[in-house]
Structure formats: C-alpha cells, structure tokens
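Subject: Structure handover

Hi,

Here is the structure for you to pick up. My notes on it follow below.

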Amino acid sequence: MAIIDSIIRLYEVSGGGLPSTLYFCNEEEGNDTDVLFDGKTYTPYPIQSANGWEKTLEGALPRPTIVLSNLFGDISALISSYGLRGATVTRRIVPIKALDNGAVPDPTNILRTEIYTVSRIEWNSETAVIN
C-alpha cells in the first residue's frame with residue numbers, strides 16, 4: 001500500500017448529474033485491488049495532486065483543487081456525460097487500521113471529513129482539474 005503516516009484519503013463524488021456516487025482513493029491495497037471502508041468500495045485512481053484543502057483562521061475559505069489523471073479518457077467521459085458542476089466532493093481522512101480489512105475495522109474512526117462543491121472543471125487529454 002502506498003501510505004503516508006498510516007492514513008488514507010477517501011473521496012466520494014455525488015450529485016452534479018451523476019447517476020450514482022463515485023468512490024475513489026489514491027492508494028491501493030496492492031495488486032491494483034480496491035480499498036474497502038464502511039462497506040463501500042473505493043477504487044484506486046491516479047490523483048496527481050489534491051491541494052487547497054487547508055483551513056486557516058484568516059483569509060478566504062479553502063478552494064481545493066484535485067488533479068486527476070485522464071490518460072484513458074475516463075474523467076473526460078464523465079464530464080462530457082454529466083457535467084459534474086455542482087457535484088459534492090467529500091474527502092475523508094481515515095487511519096489504515098480502520099479500513100474494513102484493517103487491524104481494527106471501525107467506520108466511525110474518521111480523522112477528518114471535508115465537503116466541497118465543484119464550481120469549475122478543466123480537462124484535456126492528460127488531466128482533469130476539478131475545483
């Protein structure tokens with residue numbers, strides 16, 4: 001597993017015209033297998049960067065940016081079909097041990113939950129930028 005500090009970031013995307021919620025993460029269980037948490041399957045997907053989530057006591061509200069690989073056209077197909085503007089992106093930061101197959105499975109052990117609405121999307125043949 002490609003893990004930093006024994007945590008994993010799980011992403012859910014819903015609304016914005018999507019027929020169902022998408023679940024994905026940047027880590028994998030090894031051998032390209034999915035990650036399971038709270039009975040949901042999170043598919044590993046190449047996320048090149050996810051920044052701007054930090055909250056501060058001063059200044060503007062956070063406007064996170066997620067850069068996803070679009071190498072195989074998956075993201076551009078979603079954007080073309082559903083638009084995704086107005087979709088809700090939920091990011092959960094969870095200890096690895098709390099995953100369904102972790103050392104201490106616990107769906108309530110969520111270190112942080114952050115929720116944002118997609119307001120802008122840019123994409124090309126290689127990447128999709130969602131913020």
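Two strands pair if DSSP finds at least two bridges between them. That rule sits behind the pairings in this note. Please keep in mind that this is a predicted model.

**Hairpin and its neighbour**

Strand 3 (residues 35–37) and strand 4 (residues 40–44) make a hairpin, with two residues between them. The two strands run antiparallel and are joined by three bridges. V35 has Y42 of strand 4 as its bridge partner. In the turn, look at D38: its phi is positive, at about 55 degrees.

Strand 4 also pairs with strand 2, this time in the parallel sense, over two bridges. Here F24 stands opposite T43 of strand 4.

**Overall make-up**

The protein chain has one helix and ten strands. Starting at the N terminus, the order is β-β-β-β-β-β-α-β-β-β-β. The chain has 131 residues, and 39% of them count as buried. Take the contacts with a separation of 6 or more: 56% of them come from residues 24 or more positions apart. The exposed area of the chain is about 7500 Å², and 51% of that is supplied by carbon and sulfur atoms.

**Strand 7**

How much of strand 7 is buried? Seven of its eight residues (88–95) are, so the strand is largely enclosed by the rest of the structure.

Strand 7 has partners in strand 1 and strand 8. Strand 1 (residues 7–14) is joined to strand 7 by eight bridges, and the two run antiparallel. One pair to check is S14, whose bridge partner in strand 7 is T88. Strand 8 (residues 112–117) is also antiparallel to strand 7, with six bridges between them. There, R92 stands opposite T113 of strand 8.

**E114**

Strand 8 also holds E114. Is E114 buried or exposed? The cut-off for buried is under 20% relative accessible area. E114 is at 3% relative accessibility, so E114 counts as buried. The E114 side chain makes a polar contact with the side chain of R91, at 2.8 Å.

**I96**

I96 lies in the loop between strand 7 and strand 8. Its relative accessible area is 18%, so I96 is buried by the cut-off of under 20%. Which residue does I96 come to within 5.1 Å of, C-alpha to C-alpha? That residue is I7, which is 89 residues away in sequence.

**Largest pocket**

The largest pocket has a volume of about 250 Å³. Its lining takes in 15 residues. L22, F24, L68, I75 and L78 lie nearest the pocket centre. Strand 2 (22–25), strand 6 (65–69) and helix 1 (74–82) each give at least two residues to the lining. Which element gives the largest share? Strand 2 does, with three residues. F24 therefore turns up twice in these notes: among the residues nearest the pocket centre, and opposite T43 in the pairing with strand 4.

**Where to look**

For a quick tour, begin at the hairpin turn with D38. Move on to strand 7, where strand 1 and strand 8 pair with it. Then take the E114 and R91 side-chain contact. Finish at the largest pocket, with L22 and L68 among the residues nearest its centre.

Best wishes

Methods: Residues are numbered from 1 along each chain as its sequence is written. This is a predicted model: local features need pLDDT of at least 70, side-chain atom pairs count only at pLDDT 80 or more; totals for chains, interfaces and linings use all residues. Side-chain values use heavy atoms; hydrogens and water are left out. Buried means under 20% relative accessible area, exposed over 50%, partly exposed in between (1.4 Å probe, protein chains only). Helices (H or I, at least four residues) and strands (E, at least two) are DSSP runs, numbered from the N terminus. A polar contact is a pair of N or O atoms within 3.5 Å; within protein, one must be able to donate a hydrogen and the other to accept it, and residues adjacent in sequence count only if both atoms are side-chain atoms. Contact means heavy atoms within 4.5 Å. Accessible areas come from the Shrake-Rupley method with a 1.4 Å probe; for residues, only the protein chains shown count as cover. On a 1 Å grid over the protein atoms alone, a cavity is a set of points where a 1.4 Å probe fits but cannot get out, and a pocket is an open set with protein on both sides within 12 Å along at least five of seven lines; lining residues have an atom within 4 Å of a point. Grid points are joined across faces, edges and corners, and a volume is the space filled by probe spheres set on the points.
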